[in-house]
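Subject: Handing over the structure

Hi,

Here is the structure I said I would pass on. Have a look at it first, and then read on for what turned up.

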Amino acid sequence: MEYPIIPMTSAHLDGVEELEKICFPEDPWSRQIFKESLENPNSTNLVVQSADGAVRAFLIFTAVADEGNIDDIAVHPDFRRQGIAAALLERFRQTAMEQGLAFLTLEVRPSNRAAVELYRKMGYQEIGRRKNYYLSPKEDAIIMKLELTPCT
């Protein structure tokens with residue numbers, strides 16, 4: 001089943017906030033952080049909705065200079081393994097190419113093996129670690145990067 005990827009608006013905040021708490025109960029982003037992201041001209045905010053309008057996934061990234069960084073990505077547990085995260089990552093890559101970015105980065109918990117494998121499958125490579133990056137529970141972050149090759 002395919003779900004459309006659309007720009008996030010303030011109308012999505014309730015669903016995004018709820019999904020964030022489901023996916024990251026130990027340390028969820030606040031509603032204020034999501035609002036600030038929507039107001040940030042360097043941020044791109046995408047959501048995936050089901051036919052009933054419920055937010056099933058989202059991706060937020062920020063572009064600075066020639067780098068795009070995933071700030072937050074979540075897929076509802078009931079909708080995982082359906083290609084939604086891969087579709088969001090591909091949209092992220094396409095948008096970054098359109099913006100002329102040179103590379104994309106993200107941080108991921110080493111314990112989140114499914115995400116690490118998906119990122120590798122999408123072409124991301126581990127370039128380093130951030131010691132004790134995550135707080136609840138405390139864990140390092142794997143830094144991953146995808147070099148973008150301009151279309152000729």
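Before the strands, one term: two strands count as paired if DSSP finds at least two bridges between them. Keep in mind as well that this is a predicted model.

With that term in hand, start with β2 and β3. Strand β2 covers residues 43-49, and seven bridges join it to β3 in an antiparallel arrangement. If you want a pair to click on, take T44, whose bridge partner in β3 is F61. Five residues sit between the two strands of this hairpin, and G53 there has a positive phi near 90 degrees.

On to β3 itself, residues 55-64: nine of its ten residues are buried, which leaves the strand mostly covered. Besides β2, strand β3 pairs with β4, again antiparallel, this time over eight bridges. Two positions to look at here are A57, opposite V75 in β4, and V64, opposite E67 in β4.

The hairpin of β3 and β4 has two residues between its strands. A65 lies in that loop, and its phi is near 55 degrees, a positive value in a residue other than glycine. Is A65 buried or exposed? Exposed, with a relative accessible area of 77%.

Now β4. Seven of its nine residues are buried, so the strand is largely enclosed by the rest of the structure. Strand β4 also pairs with β5, and here the strands run parallel, joined by three bridges. N69 stands opposite T105 in β5, if you want to find the spot.

Next, the helices. In α1, the buried residues are L13, V16, E17, L19, E20 and C23. Looking down the axis of α1, these buried residues fall within an arc of 165 degrees, so they line one face of the helix. The general background is that an α-helix has 3.6 residues a turn, so residues three or four places apart point the same way. On the other side of α1, D14 and E18 are exposed. And what covers the buried residues of α1? The cover includes α2 (31-39), β2, β3 and β4.

One residue of α1 deserves a line of its own: E17. Buried here means under 20% relative accessible area, and E17 counts as buried because its value is 18%. Setting aside neighbours within four places in sequence, E17 is in contact with R31 and F34.

Helix α4 can be read in a similar way. Its buried residues are A115, V116 and Y119. They span an arc of only 100 degrees around the axis, which puts them on the same side of α4. The face turned away from that buried side carries the exposed residues R113 and K121. Covering the buried residues of α4 are, among others, β4, α3, β5 and β7 (138-147). After α4 comes G123, with a positive phi near 100 degrees.

Then there is the largest pocket, which holds about 1200 Å³ of space. Its lining is made up of 37 residues, and those nearest the centre are F24, I73, N112, A115 and Y119. You have already met A115 and Y119 among the buried residues of α4. Which elements supply at least two residues each to the lining? They are α1 (13-23), β4 (67-75), α3 (84-98), β5 (103-108), α4 (113-121) and β6 (125-135). The biggest share comes from β4, with seven residues. Sorted by class, the lining has 21 nonpolar, five polar and eleven charged residues.

Last, some backbone details. As a general rule, most residues other than glycine have a negative phi, and most peptide bonds are trans. N132, in strand β6, has a positive phi of about 55 degrees although it is not a glycine. N132 is partly exposed, with a relative accessible area of 34%. There is also a cis peptide bond between S136 and P137, with omega about -10 degrees. P137 lies in the loop between β6 and β7.

That's the tour. Happy to go through any of it with you.

Cheers

Terms used:
Residues numbered from 1 in each chain as written. Predicted model: local features only at pLDDT ≥ 70, side-chain atom pairs only at ≥ 80, totals over all residues. Heavy atoms only, no water. 1 Å grid on protein atoms, 1.4 Å probe; cavity = no way out; pocket = protein on both sides within 12 Å on 5 of 7 lines; lining within 4 Å. Points joined across faces, edges and corners; volume = space filled by probe spheres on them. Helix = DSSP H or I, 4+ residues; strand = E, 2+ residues; numbered from the N terminus. Nonpolar A, V, L, I, M, F, W, Y, C, P; charged D, E, K, R; others polar. Buried < 20%, exposed > 50% of the residue type's maximum accessible area, 1.4 Å probe, protein only. Arc of directions from axis to C-beta. Contact = heavy atoms within 4.5 Å.
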